[in-house]
Amino acid sequence: MCGISVFFSTDNDLIQNAFSKKEKSINTIQQRGPDDTVIINDKDSVSIHTHLRITGDCQQPVVNDNFLLLFNGEIYNDYEKYDSKYSDTHYLTQQIQNFGEGAFKKLDGEFAICLREFKTNTLILATDPFGTKPLYYQIGKNFVIVGSYESTV
């Protein structure tokens, strides 16, 4: 289990307001991930991930030149290789780098994923077919909020 809270906007005032309320967001997701909390505040998003260490230890949000990734759940595709240095988050990151959003069709597990692709400026939300991991979102005129709970968004 992990907790996700992300606020996207091109309005700097809204971003700063969301960042100023980060503790409120953390309080809604902390019980999902008591082991670690990471906050990334950049020009058009505030991303918060609370982590529960089950399979490996990969810090999230994952940010690289291509995407921002927040993930909650367990991916079973490569479970034999998981250890303290390689986790389902590493596997998921590699699959997205190789296959883009096509990676989600190949996943076996229970998951909720928030992926922002920078080059195409797209936001992709994905859950496993049964929706076992919660993922809520709200779309406004110039913002999008994604979270693990309805109270988060």
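The exercises below, each with a worked solution, deal with the sheet, the pockets and a cavity of a predicted model.

**Exercise 1. Work out the strand order of the five-stranded open sheet and explain why one side of β2 and of β8 is left without a neighbour.**

Step 1. Reading across the open sheet, the five strands follow the order β2-β3-β1-β9-β8, and their pairing is antiparallel.

Step 2. Because β2 and β8 (136-139) stand at the edges and each has a single partner strand, one side of each is left without a neighbour in the sheet.

Step 3. Neighbouring strands are turned against each other by 5° on average, with direction ignored.

Step 4. At the β8 end, β8 and β9 pair in the antiparallel sense over four bridges, and Tyr137 stands opposite Val146 in β9.

**Exercise 2. Find which strands α1 and α2 touch, and give the direction of each helix against a strand.**

Step 1. The helix α1 packs on the sheet, where it touches β1, β2 and β3, and its direction makes about 155° with that of β1.

Step 2. The helix α2 also packs on the sheet with contacts to β1, β2 and β3, but here the angle given is to β3, with which the direction of α2 makes about 35°.

**Exercise 3. Describe the largest pocket by its volume, its lining and the elements that supply that lining.**

Step 1. The volume of the largest pocket is about 300 Å³.

Step 2. Its lining consists of 17 residues, and those nearest the centre of the pocket are Phe7, Ala18, Lys21, Ser25 and Thr152.

Step 3. Two or more lining residues come from each of β1 (3-9), α1 (12-20), α2 (22-29) and β3, and α2 gives the most, with four residues.

Step 4. Sorted by class, the lining of the largest pocket holds eight nonpolar, six polar and three charged residues.

**Exercise 4. Describe the second largest pocket in the same terms, and then turn to the second largest cavity.**

Step 1. The second largest pocket has a volume of about 220 Å³, and among the residues that line it are Phe8, Arg116, Asn121 and Phe143.

Step 2. At least two residues of this pocket's lining are supplied by each of β1, β7 (122-127) and β9 (143-147), and by class the lining has four nonpolar, six polar and two charged residues.

Step 3. The model has two cavities of 30 Å³ or more, and the second largest cavity holds about 40 Å³ of space.

Step 4. The residues lining the second largest cavity include His49, His51 and Cys58, and β2 gives the most to this lining, with three residues.

Methods. Residues are numbered from 1 along each chain as its sequence is written. This is a predicted model: local features need pLDDT of at least 70, side-chain atom pairs count only at pLDDT 80 or more; totals for chains, interfaces and linings use all residues. Side-chain values use heavy atoms; hydrogens and water are left out. On a 1 Å grid over the protein atoms alone, a cavity is a set of points where a 1.4 Å probe fits but cannot get out, and a pocket is an open set with protein on both sides within 12 Å along at least five of seven lines; lining residues have an atom within 4 Å of a point. Grid points are joined across faces, edges and corners, and a volume is the space filled by probe spheres set on the points. Ala, Val, Leu, Ile, Met, Phe, Trp, Tyr, Cys and Pro count as nonpolar, Asp, Glu, Lys and Arg as charged, and the others, Gly among them, as polar. Two strands pair if DSSP finds at least two bridges between them. Axes are lines fitted to C-alpha atoms, for helices over the stretch in contact, and angles run from 0 to 180 degrees between N-to-C directions. Contact means heavy atoms within 4.5 Å.
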